[in-house]
Amino acid sequence: MKTISLSLLLSFSLSLLAAGEKRPNILYIMSDDHAAHAISAYGGRLAEVAPTPNLDRLAHEGMRFTNAFVTNSICTPSRAVIWTGKYSHNNGVYKFTGLDQSQPTLPKYMQAHGYQTGFVGKYHLHTNPVGFDHWSILPGQGSYHDTAFVEMGDEHPSGIVRQGKQTPNPGWHSSDIITKKALEWFTDIRDPEQPFFYMLHYKAPHDLWQHAHRYNDYLADVEIPEPDTLFDHGSGRSPALEQSTQEIAGRSHHTQFTAEIKAMPDSPAKRRLVYQEYMKRYLRCVKGVDDNIGKVLDYLDESGLSENTIVIYTADQGFFLGEHGLYDKRLIYEEALRVPLLARWPGQIQAGSVRNELVLNLDYPETILDLAGHPIPEDMQGRSLKPLFTGETASDWRQSFYYRYYYSHFDTPSHWGLRSQYHKLIYWDTRDEWELYDLKSDTQETNNLAENPEWSATLANLKSELRTLQRQAGDNPKDIGDHPRTGNAALDKSEADRLARVAAKKEQ
Ligand code: CA
């Protein structure tokens, strides 16, 4: 009898707790092409010359993930992974095509779950967004200066966001106006009776790295430290890399900043000059993001929202900052594969904590749903990070993951591979060539061990593991991504036309 009373009491208390429990707000902040090694909380050669105190604040007050990665290091596909919790071949966005919004997505789930959903900034999924109560989006890549937006309600009948009516904002830099609009959403649109899920997406520091004018002198007289691999020429690696035009001082069309630079033949002197100019432009954009995030964090404090708001910061992929003589992303090498991931949740995430597990952008939607108390859809392919947030030990966490990049721009060849805690295996499928790196002894990936007989057993084991991962992900090696699923006839036609142009060019 006594036992029944206690159990009734416990059940009564739990229901009271559930009724009074406030679901957490979730503020998801993402920048475009922001490499982890350009955030001072991550250390590295740039930490002292270009500190990011506001992002560091998130790390000091929350959790920093040292091994966060993407499954396809390119903008639109990575965003589609985050929207769906599915690999590219399952969500239909292999390249820059556009998301089929008829499929289940994170914002749709959150909206149906009773969250007020909002979006501002760089979107780049091309089809009109679904699942948001309010949105304000940069058309396509958007512009750094005098930034125009397509506002919800100004959609074009084509269903393609960039074709909607654009509202200009003369005199504004994108990072500043995106923040202003976010703060206006918080003060004017947010419903205090509802928990919110808000996505705040910066365009910076994507190319062509146009910073706000107030940063013209920032780093002007500073010598930016060079990476050890600035003059790495890919010796011992697959010649596949030579196809790519991502090298900073050679055929690259984005880093030929001035007529003087353009006229110089590729040489060590040119590479050094381009590197300095490139990094200053990039880090000025990063500074603008960091300053603006400071404004957002201040607002959360002043409004009292900080306490019940989970803040997540990440990027859609990493970026080469001169390592291997490269810029841009796409490749499975560490600098482009890794993303920053910081999370703050007062009272739940221990301040200043660090996690080293292999976590993925694929995990983000499951994490956010889990944090909101929403059941995790069975067809999502990642894993909730909530147990890691709250300090649980995760003895059965993934020990490796699958990656695949599909050929699109910059002539960067397609490839797939795996990364584990200590190894990386890369397969260049169009050349049938392999690369293997021992990340314990070779963090900079300059010593390809694929042809080394001493590593043949490891190579065979990793090849087998890669086949297993590919099969588990449901990927077909023969699916090269030339049949995207956008759900939009106009986008399908533009991709078909683009592929025809590429094929015609190859025949010439
Ligand atoms: Ca990007």
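## The four-stranded sheet

In this predicted model, strand β16, which spans residues 423-428, pairs with β17 in the antiparallel sense, and six bridges connect the two. One of the residues involved is W428, whose bridge partner in β17 is E433.

The two strands belong to an open sheet of four strands, arranged in the order β14-β15-β16-β17 with antiparallel pairing. The edges of this sheet are occupied by β14 (400-405) and β17 (433-438); each has a single partner strand, so one side of each is left without a neighbour in the sheet. From one strand to the next, the twist averages 15 degrees. In general, the strands of a sheet pair through backbone hydrogen bonds, and the pairing is either parallel or antiparallel.

## The ten-stranded sheet

A further open sheet contains ten strands, and its pairing is mixed. The strand order is β7-β6-β5-β4-β8-β1-β9-β11-β2-β12. At its edges stand β7 (166-167) and β12 (353-355), and because each has a single partner strand, one side of each is left without a neighbour in the sheet.

Within this order, strand β5 (residues 134-137) and strand β6 (residues 149-151) run antiparallel and are joined by two bridges. Here S136 stands opposite E151 in β6.

## The calcium site

The calcium ion has protein donors from D32 (OD), D33 (OD), C75 (SG), D316 (OD), D316 (OD) and Q317 (OE1), at 2.1 to 2.7 Å from the ion. D316 thus appears twice in the list of donors. Angles among the six donor atoms range from 52 to 159 degrees, and the site is irregular.

Along the chain, the donors follow the spacing D-D-x41-C-x240-D-Q. D32 is located in the loop between β1 (25-31) and α2 (53-61), whereas C75 is in helix α3 (residues 75-84); the pair therefore ties together parts that are 43 residues apart in sequence.

## Backbone features between β8 and α7

Most residues other than glycine have a negative phi, and most peptide bonds are trans. Against that background, the loop between β8 (196-201) and α7 (240-243), in which P205 is placed, merits attention. The peptide bond from A204 to P205 is cis, with omega near -5 degrees.

A cis peptide bond also joins D207 and L208, with omega of about 10 degrees. L208 has its place in the loop between β8 and α7, and W209 lies in the loop between β8 and α7 as well. For W209, a residue other than glycine, phi has a positive value near 55 degrees.

## The largest pocket

The largest pocket holds about 580 Å³ of space. Its lining is made up of 22 residues, of which H37, E334, E335, R338 and T443 are the closest to the centre.

By residue class, the lining of the largest pocket comprises five nonpolar, nine polar and eight charged residues.

Key: Residues numbered from 1 in each chain as written. Predicted model: local features only at pLDDT ≥ 70, side-chain atom pairs only at ≥ 80, totals over all residues. Heavy atoms only, no water. 1 Å grid on protein atoms, 1.4 Å probe; cavity = no way out; pocket = protein on both sides within 12 Å on 5 of 7 lines; lining within 4 Å. Points joined across faces, edges and corners; volume = space filled by probe spheres on them. Nonpolar A, V, L, I, M, F, W, Y, C, P; charged D, E, K, R; others polar. Pairing = 2+ DSSP bridges. Axes fitted to C-alpha atoms, helices over the stretch in contact; angles between N-to-C directions. Donors = N, O, S within 2.8 Å, 3.2 Å for Na, K, Ca; no water. Tetrahedral: all angles 85-135°; square planar, octahedral: opposite > 155°, others 65-115°.
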